[in-house]
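Visitor: Please show me the model, and then let us discuss how its side chains pack.

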Amino acid sequence: MESIRTVKGTISTGSLLFATAEPMENLPLDRITVDPAVCQGQPTIRGMRITVSVVLRMLAGGASVAEVLEAYPELEEKDVRQAMRYAAWTASDERRPATG
């Protein structure tokens, strides 16, 4: 099982889950990868050389999901959504271990 390093510690990618606003719903972050050999270890989308931060900066700058997908046709909508969830997860103070 792989693990990734984050600013707040090391987590297993096999059990990485994100709690949404709906408390019973957990969503995996399986499209976000961290590899020291790719983009200097920054979180990327599916191991491609497209970093989560590039996607987030586009969105923060006012780009729509459709505009991000147009700029990076190799991405899928799920990639962009997971980048946003990953950002929310890393910014949160709450961590819940995966169950089951």
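The following exchange concerns an aromatic pair and the packing of a helix.

Guide: This is a predicted model, in which local features need pLDDT of at least 70, side-chain atom pairs count only at pLDDT 80 or more, and totals for chains, interfaces and linings use all residues. Residues are numbered from 1 along each chain as its sequence is written, and side-chain values use heavy atoms, with hydrogens and water left out.

Visitor: Are the planes of Tyr-86 and Trp-89 stacked, edge-to-face or tilted?

Guide: Rings of Phe, Tyr and Trp (its six-membered ring) pair if their centres lie within 6.5 Å; planes under 30 degrees apart count as stacked, over 60 as edge-to-face and the rest as tilted. The structure holds one such aromatic pair. The ring centres of Tyr-86 and Trp-89 are 6.2 Å apart and their planes stand at 35°, so the pair is tilted.

Visitor: Is Trp-89 buried or exposed?

Guide: Buried means under 20% relative accessible area, exposed over 50%, and partly exposed in between (1.4 Å probe, protein chains only). With a relative accessible area of 7%, Trp-89 is buried.

Visitor: On which side or sides of helix 1 do its buried residues lie?

Guide: Helices (H or I, at least four residues) and strands (E, at least two) are DSSP runs, numbered from the N terminus. In helix 1 the buried residues are Val-52, Val-55 and Leu-59. The arc, taken from the directions from the helix axis to the C-beta atoms, is only 70° for these residues, which puts them on the same side of helix 1.

Visitor: Which residues are exposed on the other side of helix 1?

Guide: The buried residues of helix 1 pack against strand 5 (32–33), strand 6 (44–45), helix 2 and helix 3. On the other side of helix 1, the exposed residues are Arg-57 and Ala-60.

How values were computed:
Contact = heavy atoms within 4.5 Å.
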